[in-house]
Amino acid sequence: MKKYIIILLLITSIVPAFAQENHKAFDSGEWFKFRIHYGLFTASYATLEIKKEQLNGKPVHHIIGTGKSSGFLSVFFKVEDYYETYIDMDRVKPYRFIRKINEGGHTKNIEINFDHNENKALVFNKKHNTKKSYPIQSDVQDMMSSFYYLRNSINTSSLKKGDEQYVNMFFDNESYRFKLKFLGREVIKTKMGKIACLKFRPYVQADRVFKEEESMTVWVSDDDNRMPVRIKADIVVGSIKADLDAFKGLKHPFKIIVD
């Protein structure tokens, strides 16, 4: 499982934009911790946290995602991933995205600043000390902001099995158009208890990481929080599963199903 520790978590951002105006699923102070399994081993832990800050004089949600290998994996493959996004407090759109990773010696250090007036993204590759501007779409999101943007947009009452949606995302120096299919509702067992979830199938690019386009499944809580609960992915060297391990600061009540 050489790459994409945090990416496997943030891919949950690819949930459908069934517009539900004025619903806010999160707020500053929210914090998630995930346990990532590789086979029988705990490969790493990852966290997502929201802080209230200012960027260039604007109040923003500063969202930080971290991932670090642990235990057996860290002995032969060290992973340290760090992601940030700064998003508008009222309309969830990205102003700045940061990706700083070290995955078994594979390193990146990239900062992207979004100019929504000019529909441009300025990509600063700090590793190679290069800057380049790219055109973007007006509704573009970065990898992290899309998760929070679309958590606010899910209208669960309109979801039907087989529904497909697309999301525009800008990552590193390219624009992507992701497809996602709604697979239905499912109750899953977790360390917190049984949780009612929405089940999705994001279509990923089949490459040296993922076996095929349908290699990933995502479960999101079927409540007002829309929080990621579980992710499973089949990759070329096995299978990865990420489970919600701890949380705090939820905006809405957390529901457990009691038998």
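**Figure 1. The salt bridge between D224 and R226.** R226 counts as buried because its relative accessibility is 3%; buried denotes a relative accessible area under 20%, exposed over 50%, and partly exposed the range in between (1.4 Å probe, protein chains only). Its partner D224 is partly exposed, with a relative accessible area of 38%. The side chains of D224 and R226 meet in a salt bridge (3.7 Å, N to O), a term that requires a side-chain nitrogen of Lys or Arg within 4 Å of a carboxyl oxygen of Asp or Glu. The model is predicted: local features need pLDDT of at least 70, side-chain atom pairs count only at pLDDT 80 or more, and totals for chains, interfaces and linings use all residues. Residues are numbered from 1 along each chain as its sequence is written, and side-chain values use heavy atoms, with hydrogens and water left out.

**Figure 2. The salt bridge between R230 and D243.** The closest N and O atoms of R230 and D243 are 2.6 Å apart. R230 lies in strand 13 (residues 228-235) and D243 in strand 14 (residues 238-248), so the pair ties together parts that are 13 residues apart in sequence. Helices (H or I, at least four residues) and strands (E, at least two) are DSSP runs, numbered from the N terminus. Both R230 and D243 are buried. Elsewhere, R96, E111 and K126 are joined into one network by salt bridges that share partners.

**Figure 3. Helix 3 and its link to E30.** Of the 9 residues in helix 3, 8 are buried, among them F147, Y148 and L150. At the start of helix 3, a side-chain oxygen of D142 reaches to within 2.8 Å of the backbone nitrogen of M144. R151 and E30 form a salt bridge through their side chains (2.8 Å, N to O). Since R151 lies in helix 3 and E30 in the loop between helix 1 (5-10) and strand 1, the pair ties together parts that are 121 residues apart in sequence. R151 counts as buried at 1% relative accessibility, and E30 counts as buried at 1% as well. The whole structure has 11 salt bridges.

**Figure 4. The largest nonpolar core.** This core has 31 residues, and those with the most contacts inside it are F32, F97, I112, F114, Y148 and F170. A nonpolar core is a set of buried Ala, Val, Leu, Ile, Met, Phe, Trp, Tyr and Cys residues joined through side-chain atoms within 4.5 Å. Elements giving two or more residues to this core include strand 1 (31-38), strand 6 (106-115) and strand 9 (164-171). Helix 3 supplies the largest share, 4 residues. Beyond its neighbours within four places in sequence, I112 is in contact (heavy atoms within 4.5 Å) with residues including F97, V123 and F170.

**Figure 5. The surroundings of D88.** D88 is located in strand 4. D88 is buried yet has no salt bridge, the nearest side chain of opposite charge being K93, 5.4 Å away; in assigning charge, Lys and Arg count as positive and Asp and Glu as negative, while His and the chain ends are not counted. A polar atom of the D88 side chain lies 2.8 Å from the backbone nitrogen of D90, and one lies 2.9 Å from the backbone nitrogen of R91. Not counting residues up to four places away in sequence, D88 touches H61, K93 and Y95.

How values were computed. A polar contact is a pair of N or O atoms within 3.5 Å; within protein, one must be able to donate a hydrogen and the other to accept it, and residues adjacent in sequence count only if both atoms are side-chain atoms.
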